[in-house]
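Here are a few exercises to work through with the sequence and the 3D view side by side. Try each task before you read its solution.

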Amino acid sequence: MRWFRDPDRNDIQHELPGWPEGPSFIARSVGGGVAERSLRGAAVAAGVAVMAFLSSAGGNLSGGSTADGEGSDTPDVPQDEVEDFPVMWAAPGGIARTLPWQLDPGRENQKLFTTHLIVTDRRLVIVHLPYYGKELGRIEDDVLWQCTRSDIQQVTRRNFKDGTDFVIAFVDGSWCRLRSIRRVQLLRYLAPPRDLLALTDLAPDQKKTVLAFAEEHESPGTPFPIVSRNPTGRLRVETFPLSRYTSAFGAAEVNITMDSDGRKVDVGDYLPEDF
């Protein structure tokens, strides 16, 4: 059950401009523990997010595993995951109310269309494109929505129930709950934001390694590598070859990790925070 709420927990889905009619849900009204168990079951079984298939594409995003293994049977916020299940929370005029209806699996046919979130150092952009099952490299996307990074107050993981959800809270107090099967890659630059480094920030040996990596993966449309600092202090270098973009999964990265001396770190020597 996906709810669209204002701060008084009123249902606002009929107030959202341009949104077509979608499914209506009726909250359980039985009392005591039976009600709690019923609502919990509904949350587990019926609807975990606005976004049934939100994946990464372009910008600073990457592809890889399909889940981060952090699913939990324990609600992070019981009042919003068991007693109620809002996927949009916004007073009139709130940024979250401007989100596109194509994110809602109750309104969009996700067998025919998919939606991707592009993250850059300046903004978030949601694009929408047809899903061609036999032509995954065919990408015909249209921009549906965008906001600046300064509009975002915080991005928080939500592990209940599958470990694929996250909440974007905006500076005006509104928020939305989304889902991505590639949450690890998607949130690498959002929760918390990583330090991005320019070539001029690097030591000579580190710069040499980055330039060699860029040359190795140079091809038309492939961006120059992004360098970020891992929580371990090591540097992650990654790029997103155009040949690895798909309509289903967005962008998949090619990456290395290097130490302070510019040496590549063997994957067997990675620390958990390097992944």
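A salt bridge here is a side-chain nitrogen of Lys or Arg within 4 Å of a carboxyl oxygen of Asp or Glu. This is a predicted model, where local features need pLDDT of at least 70 and side-chain atom pairs count only at pLDDT 80 or more, while totals for chains, interfaces and linings use all residues. Residues are numbered from 1 along each chain as its sequence is written, and side-chain values use heavy atoms, with hydrogens and water left out.

**Exercise 1. Salt bridges around Glu238**

Task: Find which residues form salt bridges with Glu238, and work out whether Glu238 is buried or exposed.

Solution:
- Step 1. Start with Arg188, whose closest N and O atoms to Glu238 are 3.6 Å apart, forming a salt bridge.
- Step 2. Place the two partners: Arg188 is in the loop between helix H3 (183–186) and strand S10 (196–197), and Glu238 is in strand S12 (residues 235–239), so this pair ties together parts 50 residues apart in sequence. Helices (H or I, at least four residues) and strands (E, at least two) are DSSP runs, numbered from the N terminus.
- Step 3. Now turn to Arg236, whose side chain also meets that of Glu238 in a salt bridge (3.1 Å, N to O).
- Step 4. Check the accessibility, where buried means under 20% relative accessible area, exposed over 50%, and partly exposed in between (1.4 Å probe, protein chains only). Glu238 has 0% and is buried; Arg236, at 3%, is buried, and Arg188, at 7%, is buried too.

**Exercise 2. A link across the sequence**

Task: Which parts does the pair Arg177 and Glu81 tie together?

Solution:
- Step 1. Look at the side chains of Arg177 and Glu81, which meet in a salt bridge (2.7 Å, N to O).
- Step 2. Arg177 belongs to strand S9 (residues 175–179) and Glu81 to helix H2 (residues 78–81), so the pair connects parts 96 residues apart in sequence.
- Step 3. Both Arg177 and Glu81 are buried.
- Step 4. For the wider picture, the structure holds 18 salt bridges.

**Exercise 3. The sheet and its edges**

Task: What is the strand order of the open sheet of 5 strands, and which strands stand at its edges?

Solution:
- Step 1. Reading across the open sheet gives S1-S3-S9-S8-S7, with mixed pairing. Two strands pair if DSSP finds at least two bridges between them.
- Step 2. S1 (3–5) and S7 (152–158) are the edge strands; each has a single partner strand, so one side of each lacks a neighbour in the sheet.
- Step 3. At the S1 edge, 3 bridges join S1 to S3 (residues 86–89), and the two run parallel. Within this pairing, Trp3 has Pro86 as its bridge partner.

**Exercise 4. Backbone details**

Task: Where are the cis peptide bonds at Lys161 and Pro192, and what is the phi of Arg9?

Solution:
- Step 1. The bond from Phe160 to Lys161 is cis, with omega near 10 degrees; Lys161 sits in the loop between S7 and strand S8 (165–170).
- Step 2. The bond from Ala191 to Pro192 is cis as well, with omega near -15 degrees, and Pro192 is in the loop between H3 and S10.
- Step 3. Arg9 is not a glycine, yet has a positive phi of about 65 degrees. Arg9 lies in the loop between S1 and helix H1 (32–46) and is partly exposed at 30% relative accessible area.
- Step 4. Arg9 also takes part in a network of salt bridges with Arg5, Asp80 and Asp84.
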